[in-house]
Amino acid sequence: MHGSAVGTLTSALGLVGGLPSSIGMLVIWPIANRFGKKNILFVGCIIALAGGLAAFVNVHSFGIVCLGVVDHMEAKNGFRSDGFTMVIYAGLAGLCNGI
């Protein structure tokens, strides 16, 4: 795959990843209040593991990777790091594409 195509797909993946996260935050809040954060986090880890394995098995399928990648950094660190991470991704993608 050509470098510019990879950059385009990486940018699209970043955009596509933001929408489910926003919807998920709205949906999961009442569920976590009902069943407990620990239980919901455990189920989420199982889903993340399954999605990560699916993405790992078929890394050349953009659709599978989009569906399979789940972010757990907020739960792990106690704060959302997506904004900072996306700034790094965007900056490095631009730098790498330029090189």
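## A tour starting at helix 2

Select residues 37-57 first, which form helix 2: at 1.5 Å a residue its 21 residues should span 30 Å, and the C-alpha atoms at its two ends are 30 Å apart, so the expected span and the distance in the model agree. Keep in mind throughout that this is a predicted model.

With helix 2 still selected, turn the view until you look down its axis, and colour Ile40, Gly51 and Ala55, which are the buried residues of this helix. Seen in this direction, the buried residues of helix 2 fall within an arc of 45 degrees, and they therefore line one face of the helix. What is carried by the face of helix 2 turned away from its buried side? Select Lys38, Phe42, Leu49, Phe56 and Val57, the exposed residues that this face carries.

Next, move to helix 1, which takes in residues 3-35, and pick out Leu19, which has its place there. Is Leu19 buried or exposed? Its relative accessibility is 56%, and because of this value Leu19 counts as exposed, the cut-off for that class being over 50%. Now add Ile23, Leu26, Val27, Ile28, Ile31 and Phe35 to the selection and show the surface, where these residues make, together with Leu19, a nonpolar patch of about 670 Å².

Finally, release the selection and display the whole protein, which has 5 helices and 0 strands, so that its elements can be followed from the N terminus on as α-α-α-α-α. With the surface shown for the protein as a whole, the accessible area comes to about 7,800 Å², of which 74% belongs to carbon and sulfur atoms. Buried residues make up 8% of the 99 residues, and among the contacts with a separation of 6 or more, 38% are accounted for by residues 24 or more positions apart.

Technical notes. Residues are numbered from 1 along each chain as its sequence is written. This is a predicted model: local features need pLDDT of at least 70, side-chain atom pairs count only at pLDDT 80 or more; totals for chains, interfaces and linings use all residues. Side-chain values use heavy atoms; hydrogens and water are left out. Helices (H or I, at least four residues) and strands (E, at least two) are DSSP runs, numbered from the N terminus. Buried means under 20% relative accessible area, exposed over 50%, partly exposed in between (1.4 Å probe, protein chains only). Contact means heavy atoms within 4.5 Å. Accessible areas come from the Shrake-Rupley method with a 1.4 Å probe; for residues, only the protein chains shown count as cover. Patches are made of residues with over 30% relative accessible area and no salt bridge: like charges are joined within 9 Å, nonpolar side chains (Val, Leu, Ile, Met, Phe, Trp, Tyr) within 5 Å. A salt bridge is a side-chain nitrogen of Lys or Arg within 4 Å of a carboxyl oxygen of Asp or Glu. The expected span of a helix is 1.5 Å times one less than its number of residues. The arc is that of the directions from the helix axis to the C-beta atoms.
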